[in-house]
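Thanks for coming. I have one structure to go through today, so please put it up on the screen.

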Amino acid sequence: MGTPPATMEVNLERLFFVCPATARAVDVGVETEIGTLLRIKSETLRARCPACGQVHDWKVRDATLAQAA
Ligand SMILES: [Zn+2]
């Protein structure tokens, strides 16, 4: 825990997706800057789902953001 260093103003957004098999929000381990995220939001991200173990294609625009503080 502790206070994160405040020198860098780069805020990484952690992407959560909803697993279509289990309807659970899953953390696929992807963090990105908001600027990058906006650039790739029409893309599809393929990742292995930690909830069901399958590989899903998720639309980046469908991601739920959680601030990776
Ligand atoms: Zn899944």
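**Overall picture**

Of the 69 residues in this protein, 7% count as buried. Keep in mind that this is a predicted model. The average pLDDT is 86, and 84% of the residues score at least 70. By element, strand β4, residues 55-59, has the highest mean pLDDT, at 96, while strand β5, residues 64-67, has the lowest, at 78.

The secondary structure consists of one helix and five strands. Along the sequence the order is β-β-α-β-β-β. As for contacts between residues at least 6 apart in sequence, 42% of them join residues at least 24 apart.

Now the hairpin. Strand β1, residues 12-18, pairs with strand β2, residues 25-33, in the antiparallel sense, and there are six bridges between them. Within that pairing, F17 sits opposite V26 of β2. Six residues lie between the two strands of the hairpin.

One of the loop residues deserves a look, namely A23, located between β1 and β2. What is unusual about the phi of A23? The angle is positive, about 60°, although A23 is not a glycine. Is A23 buried or exposed? A23 counts as exposed because it has 8 C-beta neighbours inside 10 Å, and the cut-off for exposed is 12 or fewer.

Next, the core. Which residues make up the largest nonpolar core? There are five: L15, F17, V26, W58 and A63. So F17 and V26, the pair standing opposite each other in the hairpin, both belong to this core, by the definition of a nonpolar core. Taking A63 by itself and leaving out residues up to four places away in sequence, the residues it touches are L15, F16, F17 and W58. Of those, F16 is not on the list of core members.

Last, A47, which belongs to strand β3, residues 44-48. A47 has 15 C-beta neighbours inside 10 Å and therefore counts as partly exposed; buried would require 20 or more. Which residues does A47 contact, once neighbours within four places in sequence are set aside? The contacts are V28, V30, V55 and H56. V28 and V30 fall within the residue range of β2, and V55 and H56 within that of β4. From A47 to G29 the C-alpha to C-alpha distance is 9.1 Å, with a sequence separation of 18 residues.

On the alternation of contacts, one general remark: in a regular strand, side chains alternate between the two faces of the sheet.

That is what I have for today.

Technical notes: Residues are numbered from 1 along each chain as its sequence is written. This is a predicted model: local features need pLDDT of at least 70, side-chain atom pairs count only at pLDDT 80 or more; totals for chains, interfaces and linings use all residues. Two strands pair if DSSP finds at least two bridges between them. Helices (H or I, at least four residues) and strands (E, at least two) are DSSP runs, numbered from the N terminus. Two residues are in contact if their C-beta atoms, placed from the backbone, lie within 7 Å. pLDDT is the predictor's confidence in each residue, from 0 to 100. A nonpolar core is a set of buried Ala, Val, Leu, Ile, Met, Phe, Trp, Tyr and Cys residues joined through C-beta atoms within 7 Å.
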